[in-house]
Amino acid sequence: MLKNWIWISLSLILVMGLIVGCGARSQDANSEPEQEAQSESNSSSDDNNKATKAVEAEKIVIKFSHVVAEDTPKGKAANMFKELAEQYTEGRVEVEIFPNSQLYNDDDVLAAVQQNNVQIAAPSTSKVSKLFPEWTIFDFPFAFNDVASVQDAMESEEIGGKLFNMLSEQKLLGLAMWDNGFKQMTLDDHPLYMPDDFDGQQFRVMSSKVLEAQFESVSAVPTPMPFSEVYSALEQGVINGQENTLSNIYSKKFHEVQKYMTISNHGYLGYAVITNVEFWNGLPDDVREQLEKALNETTQWVRENGEKLNQENLEKIIADDMLKEIHYLTDDQKQAWVEAMNVVYDEFEEEVGADLINAVKALRDK
Ligand code: LMR
């Protein structure tokens, strides 16, 4: 009996051992392909990661610095360029936009482009004149009758061609010209009708000798200052007037700290879209082509919409009802301003060049 039990137990142990063994083997058999699949999937996700990292490493980052609000012709154009550039290059290029002087003031930004710390900037042409006095041609009072005349000037060899060519002397390359529109005058003290009304008033100007001379021609006191400081300087009475486009006045709330605005359209404000020449020429050809396409479309958009945006901003300023008076310069008053400010043309003939000044005068008198 005992023998039988021992025999049965031994058989059971043997059977169980066999079952466990088979199970273990079958588990092993299953786990091998699993592990292979696992290791295959690991290596393919490694490959994917490597590929993503490689794309990221190759990703071209373009830092684009500007000083205005996003809801302005330049702010909107910069955002549109980013969107198109990223789309057309299928993500090979990432454009980082820094608006509102977050990264640089326009006065410092050209040096940053030269050092390739930012790759694109769009300073006003007035600010380019710090490096190239000839660029101050756009600041001459009443030089352009409308935005189309500025575009004609930029497309001509004798003006646009000459101005864009000289940028390469300083490691810069001009990519496009974006319009904002025409400047208007604001003051906190009294309305500006005739040249005498400027007498002794302190106006902020961009860094441009011609703009300083424009205010001096009507006995005002010009104070060069970065755009980012204008609101608080007006609020604190460091200056009591300024000139700018309606979109800049509205988006920076200058009308809230001024009492009078004269719609004078006396001067043009536009931007030179500038890059670092080595950076741009070092881009893969296909990427550069797509970026140029994005830029051309953006330039076209600003041309068609800049003026409209400024007009909408005038309506918003009127709706805000913060100004005591908005005066539209009459033809006689305009003539008096033109005559008073005309001295500026002769004053800068040597610095800017008679050929450029004559070319602009010819456009104006057309
Ligand atoms: C200014 O400084 O008033 C302008 O240049 C700002 C701008 O870029 O439109």
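Where is the place of Asn100? Asn100 sits in the loop between strand 2 and helix 3 (106–114), and we will come back to Asn100 in one of the close-ups below. The model shown here is a predicted one.

**Figure 1. An overview of the protein and its 15 helices and nine strands.** Welcome to the whole protein, before we move in on the details. The chain has 366 residues, and 49% of them are buried. The accessible surface comes to about 18,000 Å², and carbon and sulfur atoms hold 49% of that surface. If you take the contacts between residues at least 6 apart in sequence, 74% join residues at least 24 apart.

**Figure 2. Two loop residues with positive phi, Glu90 and Asn100.** Let us begin with Glu90, which belongs to the loop between helix 2 (73–88) and strand 2 (93–98). Glu90 is not a glycine, yet its phi is positive, near 50°. With 74% relative accessibility, Glu90 counts as exposed. Now follow the chain to Asn100, in the loop between strand 2 and helix 3. Asn100 is not a glycine either, and its phi is positive at about 55°. The relative accessible area of Asn100 is 32%, and this residue is partly exposed.

**Figure 3. A salt bridge between Asp71 and Lys76.** This view shows one of the eight salt bridges found in a search of the whole structure. Look for the side chains of Asp71 and Lys76, which meet at 3.4 Å, N to O. Asp71 is partly exposed, at 43% relative accessibility. Lys76 is partly exposed too, with a relative accessible area of 31%.

**Figure 4. A salt bridge between Glu243 and Lys183.** Here the closest N and O atoms of the two residues are 3.1 Å apart. The pair links distant parts of the chain, with Glu243 in strand 7 (residues 241–244) and Lys183 in strand 4 (residues 172–187). Along the sequence, Glu243 and Lys183 are 60 residues apart. Is this pair buried or exposed? Both Glu243 and Lys183 are buried.

**Figure 5. A salt bridge within helix 11, between Asp285 and Arg288.** The side chains of Asp285 and Arg288 meet at 3.2 Å, N to O. Helix 11 covers residues 285–320, and these two partners are three residues apart in it, so about one helical turn separates them. Arg288 is buried, at 17% relative accessibility.

**Figure 6. Thr298 and its contacts in helix 11.** Staying with helix 11, we move along to Thr298. Thr298 has a relative accessible area of 0%, so this residue counts as buried. Which residues is Thr298 in contact with, leaving aside its neighbours within four places in sequence? They are Ala77, Met80, Phe81, Leu84 and Trp178.

**Figure 7. Helix 7, a largely enclosed helix.** Why is helix 7 described as largely enclosed by the rest of the structure? The reason is that six of its eight residues are buried. To find the buried residues in this view, look for Val210, Leu211, Glu212, Ala213, Gln214 and Phe215. Helix 7 spans residues 209–216, and Glu216 is part of it. Glu216 is partly exposed, with a relative accessible area of 46%.

**Figure 8. Pro224 and its surroundings in strand 6.** Pro224 belongs to strand 6, which runs over residues 221–224. At a relative accessible area of 41%, Pro224 is partly exposed. Leaving aside neighbours within four places in sequence, Pro224 is in contact with Val205 and Glu212. Glu212 may look familiar, as one of the buried residues of helix 7. You can also look for Arg204, which is 20 residues from Pro224 along the chain. The C-alpha atoms of Pro224 and Arg204 are separated by 5.7 Å.

**Figure 9. A negative patch on the surface.** Six residues can be picked out in this last view: Glu216, Asp346, Glu347, Glu349, Glu350 and Glu351 form the patch. The elements giving two or more residues to this negative patch are helix 13 (343–347) and helix 14 (349–352). Which element gives the largest share of the negative patch? Helix 14 does, with three residues. Glu216 is the residue we met in helix 7.

Methods
Residues numbered from 1 in each chain as written. Predicted model: local features only at pLDDT ≥ 70, side-chain atom pairs only at ≥ 80, totals over all residues. Heavy atoms only, no water. Helix = DSSP H or I, 4+ residues; strand = E, 2+ residues; numbered from the N terminus. Buried < 20%, exposed > 50% of the residue type's maximum accessible area, 1.4 Å probe, protein only. Patch = residues over 30% accessible without salt bridge, like charges linked within 9 Å, V, L, I, M, F, W, Y side chains within 5 Å. Areas by Shrake-Rupley, 256 points an atom, 1.4 Å probe, with all protein chains shown as cover. Salt bridge = Lys/Arg side-chain N within 4 Å of Asp/Glu carboxyl O. Lys, Arg positive; Asp, Glu negative; His and termini not counted. Charge placed at Lys NZ, Arg CZ, Asp CG, Glu CD. Contact = heavy atoms within 4.5 Å.
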